[in-house]
Amino acid sequence: MWSTYVTMEFTLDKSIWHLWLMGLSVEQAVHYVRQKMPTPTDSVLLKSFVLSQYRNYELLEHHLHRPKHLMSQLLFPLPKETKQFLIESYYSFDGRVLREVLGKKLSSRIRKELDEAREKSGIPVAGCKRMFDNFKRISKRVEDLDGDIVKIIQADFLLPAQLASQYAHIVFINFYRLDTSKKRLASLQFADFEFIGSVIMQHFTTTATSAIPEIDVAFAQDCHNLKTLLLNHRDIIDELRTSIVATVSESRRTSITTNASSFSGATTPLDKLCNSTQLRTIFKNVLAIGSGLSSGKELRDIFSTVVEKVSDPLAAMGCTAADATAVFEAAAAKFPEVNSLNANYRRRYLSSFSRLMKAVGLCCQRLLPGGSGGKI
């Protein structure tokens, strides 16, 4: 028995491929290419070439929905590196487009209402729909699977680790319907949500078999208990605040000694924070964020809560990302030494308290002036 294979000779024009990915029509692509060419070209031949490329892309798209098929198909005998380029570029996205669908159900109605994404990104609706469809395809693939979500996306869609991680973070955001639409969040960009989503995913979930991590209810209960202990006993929170002030002040003195020429002697926003009642309020709000993880509504509002209750008050006092880091790191370091709190409670809740301080500190590093996010 003989097998017959039909193949198509195909040379990929990457510049036209990118125009197709962006959602330009054949006519728009022809006009764009003609504008970029140094010498005049026959319009009929140019349109024929672009049309031929577009037809091949449409045939390839079926395989790109399941990238492993692209690697094994025989219709287009492309080099492996070209196939990998096609996959990675096809699943790439513009953050301005996905910013408009973050936290929403990826329904057909939302798909039809991508005009705002088009207006904000300048990308034609067809390109916006490709990004939407890819996001939805990956979301549906992982939602019922077990295992490491990033590795699943890498294995099934043959994406590089960084892109697979980005998809994992936004799949997580949409799975829990974390609200990104509040007016207070209007200034936040896709990268901000993706980063904070990764922090929540890393620090506020529990190890489980499912690909999409589950919120750690035990951790939320620990935060609730800590909130009760620290805020209902003023001597405990006052001792912790005093320890934080001492640690931050010592760190500042060390910095002054090292950089004496740049020291002005003026009271800094960090000094004002440490010596005001606002610090107690900030810690109350941080503990409320942790304890609210077990509530569906409070979890959905976590982005706006972090901004409204933590980063905005810090910013209003003139604090920078470095200031917030100093405070939250000092809190975690000094918690075991708070003698007003029973030693058994300190041992029991140290891990959860440190975890909460680390997570909120990372969020503030992203949101406050002078910060761009730290290591998760």
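Two residues are said to be in contact when heavy atoms of one lie within 4.5 Å of heavy atoms of the other. With that in hand, the predicted model can be explored, beginning with a pair of helices.

In helix 1, the residues I16, W17, L19 and W20 meet a set of partners in helix 3, namely F49, V50, Q53, Y54, Y57, E58, E61 and L64. Sorted by character, the residues of this contact comprise nine nonpolar, one polar and two charged. As for geometry, helix 1 (residues 14–22) packs against helix 3 (residues 43–64) at an angle of about 65°, and 10 Å separates their axes. The crossing of helix 1 and helix 3 is right-handed.

Attention now turns to a single residue, A220, which is found in helix 13 (residues 217–231). A220 has a relative accessible area of 1%; because this is under 20%, A220 counts as buried. If neighbours within four places in sequence are set aside, the contacts of A220 are G290, S291, L293 and S294. By comparison with R55, A220 stands 165 residues away along the chain, and 53 Å lies between the C-alpha atoms of A220 and R55.

Finally, helix 19 offers a pleasant check with a little arithmetic. Helix 19 covers residues 321–334, which makes 14 residues, so at 1.5 Å a residue a span of 20 Å is expected. The C-alpha atoms at the ends of helix 19 are indeed 20 Å apart, in agreement with that expectation. Helix 19 also has buried residues: A321, D323, A324, T325, V327, F328, A330, A331 and A332.

Terms used
Residues numbered from 1 in each chain as written. Predicted model: local features only at pLDDT ≥ 70, side-chain atom pairs only at ≥ 80, totals over all residues. Heavy atoms only, no water. Helix = DSSP H or I, 4+ residues; strand = E, 2+ residues; numbered from the N terminus. Expected span 1.5 Å × (residues − 1). Buried < 20%, exposed > 50% of the residue type's maximum accessible area, 1.4 Å probe, protein only. Axes fitted to C-alpha atoms, helices over the stretch in contact; angles between N-to-C directions. Left-handed = near helix turned anticlockwise from the far one by under 90°. Nonpolar A, V, L, I, M, F, W, Y, C, P; charged D, E, K, R; others polar.
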